[in-house]
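Visitor: I am new to this structure and would like to be led through it slowly, one question at a time. Could you show it to me before we begin?

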Amino acid sequence: MTAFPPTHRLRHAALALAAVAVGALSGTAALAEDVLRSLTAFPSSDNTTQFYSRFAEAVNERGKGIVRIDVVGGPEIVPGMQQIEAVGRGVIDMTFGPISYALGSMPEADAWVGSDLEPTVSRANGGFALMQKAAAEKLNIHVLARFAPAAPLHIYLLEEPARTADGQLDLTGKRLRASPLYNAFYESLGAVPVSIPVPDVYTGLERGTFDGLGYPPSAIEGWNWDRFLKYRVDPGFLQSDLGIYIAPAKWSALSEDARRILSEVAIEFEASGYTEWQKLTADVNARFEANGMKVARIEGEAGKAYVDAAHDAVWNRLKASGSPYADELRALYFSR
């Protein structure tokens, strides 16, 4: 047996202790909880942000010791319209917001807007997987889930709208706060779309700088815009396009158990959220009416034509984009 000199023995012991420490750290890392730092496109007062917070809480409860979502803020940290790009570049682990914010880079985002099916249907028939594929190719993001599609848009106005001879809405010359998603539809009604950031809408309504907007009622309540809006146009049209997006490198780095828990909870919230948002939409509209808001209803064939025109504007735009997925997405996300 070789006898080491005292200094050599000390050095050998130190190396042994270091090896044990590294092994302990490696074991700790292997068992460490995966953490995703998340932003939201809208502030915490928004109803959909609150729904997402509940999703995060459910993941954290079920994934205790395995995976945790830390919702660290919203558009005050990174502007909502820039968050998906930040996720794609790996600057942010995760975000929740409209996929249409990336419409310029991913025309397939229109599929969520133009859909008339429940998210469970499009997940089962392969539509969701196709959207995941398109988003991975175009935006370099992993799409985890789609939330709250049962929050249709309604047009809300400061004044009672005019009608055409056949009972259709006539918004000739009216300025509507819009986004590129709805410009073509609004223009078909004679309206003039204007681009105004969401945080500036309250001031714009207060000053009367535009005549109305199209937005989900559940989201309007969170922004207090109903203080100024006097008329709601029925029926509602299209679907909301809110989703959860994760940086691919972060998704790949998660443990198998972490990915499983995130996916399971997301699917559960997709299903429950659809039903919940139908009820929430009805409840919010009832509150608006109780507070004096009037309903301008488009009846019969005119109402059907109104909704069809909104969907046609979206699906025609997707087709015109040249997306190789346009026809398949329409078949998987739209019933007619």
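Visitor: What volume does the second largest pocket have?
Guide: In this predicted model, the lining of the second largest pocket is made by 15 residues, with Ala150, Pro152, Leu238, Gln239 and Tyr274 lying nearest its centre. Those lining residues divide into seven nonpolar, six polar and two charged. The volume of the second largest pocket is about 180 Å³.

Visitor: Which element gives the largest share of the lining of the second largest pocket?
Guide: Two or more residues of this lining come from each of strand E11 (231-237), H11 and helix H12 (300-320). The largest share is three residues, and the element that supplies them is H11.

Visitor: How many residues line the largest pocket, and which of them are the closest to its centre?
Guide: The largest pocket holds about 700 Å³ of space, and its lining divides into 27 nonpolar, nine polar and two charged residues. Strand E8 (175-178), strand E10 (212-215) and helix H9 (217-223) are elements that each supply at least two residues of that lining. In total 38 residues line the largest pocket, and the closest to its centre are Phe42, Pro98, Tyr101, Arg177 and Val198.

Visitor: Which residue in E10 stands opposite arginine 177?
Guide: E8 and E10 run parallel and are joined by two bridges. Across from arginine 177, the residue that stands in E10 is leucine 213.

Visitor: Which strands are the edge strands of the open sheet of six strands?
Guide: The order of this sheet is E9-E8-E10-E5-E11-E13, with mixed pairing, and its twist averages 30° from one strand to the next. An edge strand here pairs on one side only, and the two that do so are strand E9 (192-195) and strand E13 (294-297).

Visitor: What angle does the direction of H11 make with that of E5, and at what angle does H12 run to E11?
Guide: H11 packs on the sheet of six strands, where it touches strand E5 (153-157), E11 and E13, and its direction makes about 15° with that of E5. H12, for its part, lies across E5 and E11, and its angle to E11 is about 70°.

Visitor: Why is one side of strand E2 and of strand E4 left without a neighbour in the sheet?
Guide: These strands belong to an open sheet of five strands with mixed pairing, in the order E2-E1-E3-E12-E4. Strand E2 (67-73) and strand E4 (142-147) stand at its edges, so the reason for the missing neighbour is that each has a single partner strand.

Visitor: Which residue in E12 is the bridge partner of phenylalanine 96?
Guide: Strand E3 (residues 94-98) and strand E12 (residues 242-246) pair over five bridges, in the antiparallel sense. The bridge partner that E12 offers to phenylalanine 96 is isoleucine 244.

Visitor: Is the crossing of H2 and H11 left-handed or right-handed?
Guide: Helix H2 (residues 47-62) and helix H11 (residues 256-290) pack with their axes 10 Å apart and at an angle of about 145°. Among the residues that make the contact are Phe51, Phe55 and Val59 of H2 and Val265, Phe269 and Trp277 of H11, and the residues of the contact divide into 11 nonpolar, three polar and five charged. As H2 passes H11, the crossing is right-handed.

Note on methods. Residues numbered from 1 in each chain as written. Predicted model: local features only at pLDDT ≥ 70, side-chain atom pairs only at ≥ 80, totals over all residues. Heavy atoms only, no water. Axes fitted to C-alpha atoms, helices over the stretch in contact; angles between N-to-C directions. Helix = DSSP H or I, 4+ residues; strand = E, 2+ residues; numbered from the N terminus. Left-handed = near helix turned anticlockwise from the far one by under 90°. Contact = heavy atoms within 4.5 Å. Nonpolar A, V, L, I, M, F, W, Y, C, P; charged D, E, K, R; others polar. 1 Å grid on protein atoms, 1.4 Å probe; cavity = no way out; pocket = protein on both sides within 12 Å on 5 of 7 lines; lining within 4 Å. Points joined across faces, edges and corners; volume = space filled by probe spheres on them. Pairing = 2+ DSSP bridges.
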